[in-house]
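This report examines one molecular structure, shown below. It takes up the nonpolar core, the salt bridges, the loops and the largest pocket in turn.

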Amino acid sequence: MKDHPVVVTPEVLQQLTALRSEPKFQGHEMYPGAPDEGVRFRAEQTVNTMLDRLQPALRASSLNSAVIAQFMEMLKHFEGDDTEEREQACGYCERVMVILQIESLDGTLNTWLYGFDPGEPA
């Protein structure tokens with residue numbers, strides 16, 4: 001995967017901070033919510049920790065590889081979770097990608113979630 005610069009502006013940092021302050025792993029139309037409050041709390045803390053580490057990582061290196069490294073560190077903590085929580089964790093990564101205007105991670109999230117990239121030819 002080719003490394004690309006990520007533009008970090010005060011608005012981007014504000015959006016990341018806003019995402020950090022949102023409750024996470026709550027139920028919505030496509031997700032029933034975490035199976036219990038303990039799982040929800042742990043999952044939310046894991047995403048928030050990634051968001052806390054992301055801003056200094058971007059100051060040190062404003063490349064998408066710094067973002068991917070933070071995503072992968074966070075996703076390690078979801079490896080034993082149900083598919084629903086794993087999908088939600090990837091969803092938070094995708095929200096960060098939108099904020100940072102990262103169009104693609106070349107299948108990195110799909111490969112982590114499914115074991116392969118469904119977008120790749122068989």
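In this predicted model, F71 touches M50, C93, V96, M97, L105 and L109, leaving aside residues up to four places away in sequence. F71 also belongs to the largest nonpolar core, a set of 33 residues in which L16, F71, V96 and L100 touch the most other members. Two or more residues of this core come from each of α1 (10-21), α2 (37-60), α3, α4 and α5 (108-114). The greatest contribution is that of α4, with 8 residues. As background, nonpolar side chains in soluble globular proteins tend to be buried together.

**Salt bridges**

The structure holds 6 salt bridges. In general, side chains of opposite charge can pair when their charged atoms come close. Three of the pairs are set out here.

| Pair | Closest N to O distance |
|---|---|
| R40 and E37 | 2.8 Å |
| R42 and D81 | 2.4 Å |
| K76 and E73 | 3.0 Å |

The salt bridge between R40 and E37 lies within helix α2, where the two residues are 3 apart and therefore separated by about one helical turn. Their accessibilities fall into separate classes: R40 counts as buried because its relative accessibility is 11%, under the 20% limit, whereas E37 has a relative accessible area of 49% and is partly exposed.

The bridge from R42 to D81 links distant parts of the chain, with R42 in helix α2 and D81 in the loop between α3 and α4, 39 residues apart. R42 is partly exposed, with a relative accessible area of 31%. D81, at 17% relative accessibility, counts as buried.

The third pair in the table, K76 and E73, sits in helix α3, and its members are 3 residues apart, about one turn of the helix. K76 is partly exposed at 47% relative accessibility, and E73 is likewise assigned to the partly exposed class, at 31%. Elsewhere, salt bridges that share partners join E37, R40 and E44 into one network. E73 can also be placed relative to the N-terminal part of the chain: the C-alpha atoms of E73 and V6 are separated by 19 Å, and the two residues are 67 apart along the chain.

**The loop between α3 and α4**

Which residues does H77 touch, not counting those up to four places away in sequence? The contacts are R42 and T46. H77 itself lies in the loop between α3 (64-76) and α4 (83-100). The loop between α3 and α4 also holds D81, the salt-bridge partner of R42, so R42 is both a contact of H77 and, at 31% relative accessible area, a partly exposed residue. H77 is partly exposed as well, with a relative accessible area of 46%. From H77 to L100 the C-alpha to C-alpha distance is 23 Å, and the two residues are 23 apart in sequence.

**Backbone at F25 and D106**

Most residues other than glycine have a negative phi. Against that background, two loop residues call for mention. F25 has a positive phi, near 60°, and is not a glycine. F25 is located in the loop between α1 and α2. Is F25 buried or exposed? With a relative accessibility of 1%, F25 counts as buried. D106, also not a glycine, has a positive phi of about 50°, and its place is the loop between α4 and α5.

**The largest pocket**

The largest pocket contains about 150 Å³ of space. Its lining consists of 13 residues, and those nearest the pocket centre are P5, V6, L100, Q101 and I102. By class, the lining residues comprise 7 nonpolar, 5 polar and 1 charged. Two of the residues near the centre have appeared above. L100 is among the core residues that touch the most other members, and V6 is the residue whose C-alpha atom is 19 Å from that of E73.

Technical notes
Residues are numbered from 1 along each chain as its sequence is written. This is a predicted model: local features need pLDDT of at least 70, side-chain atom pairs count only at pLDDT 80 or more; totals for chains, interfaces and linings use all residues. Side-chain values use heavy atoms; hydrogens and water are left out. Helices (H or I, at least four residues) and strands (E, at least two) are DSSP runs, numbered from the N terminus. Buried means under 20% relative accessible area, exposed over 50%, partly exposed in between (1.4 Å probe, protein chains only). Contact means heavy atoms within 4.5 Å. On a 1 Å grid over the protein atoms alone, a cavity is a set of points where a 1.4 Å probe fits but cannot get out, and a pocket is an open set with protein on both sides within 12 Å along at least five of seven lines; lining residues have an atom within 4 Å of a point. Grid points are joined across faces, edges and corners, and a volume is the space filled by probe spheres set on the points. Ala, Val, Leu, Ile, Met, Phe, Trp, Tyr, Cys and Pro count as nonpolar, Asp, Glu, Lys and Arg as charged, and the others, Gly among them, as polar. A nonpolar core is a set of buried Ala, Val, Leu, Ile, Met, Phe, Trp, Tyr and Cys residues joined through side-chain atoms within 4.5 Å. A salt bridge is a side-chain nitrogen of Lys or Arg within 4 Å of a carboxyl oxygen of Asp or Glu.
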